Amino acid sequence: MSYYLQSARGHLALMQAARPIQDWLDDPATPPELRQRLELAQRMRRFAVERLHLPDNASYHRYADLHRQAAVWNAVAAPPYALTLKTWCFPFTGCIGYRGYFDEAEARALADRLRAEGMETSVYGVPAYSTLGWMNWLGGDPLLNTFIRSNEGELARLLFHELAHQVVYVKDDTTFNESYATAVERLGGAEWLASEAGDGAREAYLRFDGRRRELRALMLQTRQALAAVYADDANPEPMEQRKARAMADFHASYARLKREHWAGFAGYDAYIARANNAVFGVQAAYDGQVPAFEALFAREGRDWARFHAAVAALAAQPRAERDAALAALAAR
């Protein structure tokens, strides 16, 4: 009950802090940079409706400054020799692989308790979350200070990702939901950059996203190596030693990536330092089925309305059939 109460209080405070964007634009005290970002976000919102067939509703027509760096903090956990995330079950979302808190200290306290039980844990700040359309009657999900100043490509992708959750959402299947929304953000973000952004924004985002894609490829490679370690019970070498070797290879590869491709860029250092089974498990949830959804988009002629309809049809299938269909798409 205490968890639900903090969730309700936190979300109500967020909604109360939000004001219509036009109010911010009309207010002479609004800083010019914020004014420009709000106008940009509104253009993206129209693009989402007109080009990507995402919902035309109350979401992202208001803005709130929360005076903190994250909207919520998620705690995640996984066993020491598996990449499967611990799940928690809720009335509307079903079972999901994280537990979100509006207070960072509470998320860290949960992580500490799970770590004491032998789990590998992580806590990370989340710039935005979706209420899946349930709160549109109350004003919808607002723009937030936690992401409004992101680079142009990233701002577009985040808006498209969260709106996608209002199109299709399947209870008890985090990987399906997040992979679909991630595919929407990548494909839709590319369309925005190609047709709406200036050369400077495109070039900046290419550098930013290039590093992120290379990191994701390295993390996928490491996930596969760790999964092989955890699946091999017959190997006489202790599993902990094999796991340590896979993680050492991961850190060495990351250092080489920084040195040889990123000119020493250190923006991911803190993230890499805390990488463990929980971190790898979260990454898998967000991109595990993205190639399949991208293949589905291509199969539907890159037509957004047909794509969303095809995803909804997949969502209606039993999970085993849904997973098999996505695996077949990814294998093409």
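## Backbone outliers in loops

Helices and strands here are DSSP runs, a helix (H or I) having at least four residues and a strand (E) at least two, and they are numbered from the N terminus. The model is predicted. On that numbering, Tyr60 sits in the loop between helix 3 (32-50) and strand 2. Its phi is near 65°, which is a positive value in a residue other than glycine. Most residues other than glycine have a negative phi. Tyr60 counts as buried because its relative accessibility is 1%, and the cut-off for buried is under 20%.

His67 is a further case of a positive phi outside glycine, with a value near 60°. This residue is placed in the loop between strand 2 and strand 3 (72-78). Is His67 buried or exposed? His67 counts as exposed, because its relative accessibility is 70% and exposed means over 50%.

## Largest cavity

How many cavities of 30 Å³ or more are there? The count comes to 2. The largest cavity has a volume of about 50 Å³. Tyr60, described above for its positive phi, is one of the residues that line the largest cavity. The others in that lining are His11, Leu14, Ala128, Tyr129, Asp141, Pro142 and Leu144. By class, the lining of the largest cavity consists of 6 nonpolar residues, 1 polar residue and 1 charged residue. Asp141 is the charged one, because Asp is classed as charged and Asp141 is in the lining.

## Second largest cavity

The second largest cavity holds about 40 Å³ of space. Its lining is made up of Val76, Leu85, Gly97, Tyr98, Tyr124, Thr174, Glu178, Val282, Ala285 and Tyr286. Sorted by class, this lining has 7 nonpolar, 2 polar and 1 charged residues.

Which helices each supply at least two residues of the lining of the second largest cavity? They are helix 6 (174-195) and helix 10 (277-287). Helix 10 provides the largest share of the lining, with 3 residues.

## Aromatic pairs

The model contains 21 aromatic pairs. One of them joins Trp24 and Tyr63, whose ring centres are 4.9 Å apart with 80° between the planes, an edge-to-face arrangement. The pair is edge-to-face because planes over 60 degrees apart fall in that class. Trp24 belongs to helix 2 (residues 21-26) and Tyr63 to strand 2 (residues 62-64), and this pair links distant parts of the chain, 39 residues apart. Trp24 and Tyr63 are each buried. The rings of Trp262 and Tyr268 have planes at 50° and centres 5.8 Å apart, so this pair is tilted. Trp262 is buried, as is Tyr268.

Ring pairs also link a cluster of residues. Its members are Phe176, Tyr180, Phe293, Phe297, Trp304 and Phe307.

## Charges over rings

Phe176, a member of the ring cluster, has the charged end of Arg322 over its ring, 5.2 Å from the ring centre. In another case, Arg211 lies over the face of Phe265, at 3.9 Å from the ring centre.

## Buried polar and charged residues

Ser179 is in helix 6, the helix that supplies at least two residues to the lining of the second largest cavity, as helix 10 does. Ser179 counts as buried because its relative accessibility is 0%. A polar atom of the Ser179 side chain lies 2.8 Å from the backbone oxygen of Thr175.

Thr146 is found in the loop between strand 8 (143-144) and helix 5 (152-164). Its relative accessible area is 15%, so Thr146 is buried. What does the side chain of Thr146 reach at 2.5 Å? The partner is the backbone oxygen of Pro127.

Arg99 is part of strand 6 (residues 99-101). With a relative accessible area of 17%, Arg99 is buried, because the cut-off is under 20%. The C-alpha atom of Arg99 is 24 Å from that of Ala227, and the two residues are 128 residues apart along the chain.

Definitions and conventions
Residues numbered from 1 in each chain as written. Heavy atoms only, no water. 1 Å grid on protein atoms, 1.4 Å probe; cavity = no way out; pocket = protein on both sides within 12 Å on 5 of 7 lines; lining within 4 Å. Points joined across faces, edges and corners; volume = space filled by probe spheres on them. Phe/Tyr/Trp six-rings, centres within 6.5 Å; stacked < 30°, edge-to-face > 60°. Buried < 20%, exposed > 50% of the residue type's maximum accessible area, 1.4 Å probe, protein only. Lys NZ or Arg CZ within 6 Å of the ring centre and 35° of its normal. Polar contact = N/O pair within 3.5 Å; in protein donor to acceptor, adjacent residues only side chain to side chain.
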